[in-house]
Amino acid sequence: QWLIATAKATDKIFVYNAVTGDSIRSVGGSGTQAGQLARPNGIAVTDDLVWVVERDNHRVQVFTLPEFKPVGTFGDSLLKKPYGLYVHKKDAGQYTVFVTDDYDLPEGQPIDPQLLKNRVHKYSVTLSENRLDWQLEIMFGDTGAGQLKVVESIFGDPENNILFIAEEDKTNTHIKVYDFAGNYTGKSIGEGLFKSQVEGISLYQTSDGNGYWIVTDQS
């Protein structure tokens with residue numbers, strides 16, 4: 001039972017015993033080569049794979065467990081300032097991956113909604129015999145009521161076709177609800193509830209098919 005965490009300042013992944021909290025090992029180090037990291041942020045685990053978003057390498061890197069062998073990267077040529085990700089396993093070796101991209105906007109002027117159209121990337125990723133292949137499906141972001149001005153955390157509920165995406169704008173931080181096709185559903189959750197930025201999102205399923213959304217507040 002491991003807890004795997006990203007350490008942005010040291011460009012490493014740290015592994016802890018999830019029961020005792022004891023440190024087990026670290027992985028990575030600064031650089032652009034396979035196995036190296038540059039400001040790792042979002043992280044996810046599916047089966048025996050670890051997916052890590054690297055903000056400053058503008059990519060997602062995939063490692064195998066338990067040895068943390070680098071398998072490959074994707075999004076390198078498209079992502080500008082990625083932060084969070086959600087990974088949905090479609091079939092053996094086939095995944096849909098949503099990555100948020102908080103690319104910079106012009107300072108000191110009103111936001112042009114058209115600049116927010118690529119806030120989330122949806123990738124199709126296939127892993128076979130330690131070979132990683134990927135393709136961008138769509139980039140999306142609503143230009144109306146569902147705008148994502150400051151975006152980082154994201155998590156999905158495939159059974160109900162729901163994506164929770166954190167709007168971290170300090171003036172009105174809350175959750176925007178999208179579907180897997182990239183459409184804003186018209187629903188927002190938690191407006192006025194969070195004291196500071198919405199930072200982490202997870203979904204906990206209970207035995208009766210229901211569950212709980214768990215959202216953290218940075219303050």
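## Notes on a few residues

N161 is partly exposed at 38% relative accessible area, a label for values between buried (under 20%) and exposed (over 50%), worked out with a 1.4 Å probe on protein chains only. This is a predicted model, where local features need pLDDT of at least 70, side-chain atom pairs count only at pLDDT 80 or more, and totals for chains, interfaces and linings use all residues. Residues are numbered from 1 along each chain as its sequence is written, and side-chain values use heavy atoms, with hydrogens and water left out.

N161 has a positive phi, and so does H58. Most residues other than glycine have a negative phi, and most peptide bonds are trans. The pair looks like this:

| Residue | Phi | Relative accessibility | Loop |
|---|---|---|---|
| N161 | near 55 degrees | 38% | between β12 (151-157) and β13 (162-167) |
| H58 | near 55 degrees | 31% | between β5 (49-54) and β6 |

Strands here are DSSP runs of E, at least two residues, numbered from the N terminus. On the far side of β6 (59-64), the loop leading to β7 (69-74) holds P66, and the L65 to P66 peptide bond is cis, omega near 5 degrees.

Now for T6, in strand β1 (residues 2-7). T6 is partly exposed at 23%. Beyond its neighbours within four places in sequence, T6 is in contact (heavy atoms within 4.5 Å) with residues including K12, G42 and V52. The C-alpha atoms of T6 and G42 sit 7.4 Å apart, though 36 residues separate them along the chain. The T6 side chain also reaches the backbone oxygen of N41 at 2.7 Å.

Finally, Y212 in strand β17 (residues 211-217) is exposed at 56%.

How values were computed: Helix = DSSP H or I, 4+ residues; strand = E, 2+ residues; numbered from the N terminus. Polar contact = N/O pair within 3.5 Å; in protein donor to acceptor, adjacent residues only side chain to side chain.
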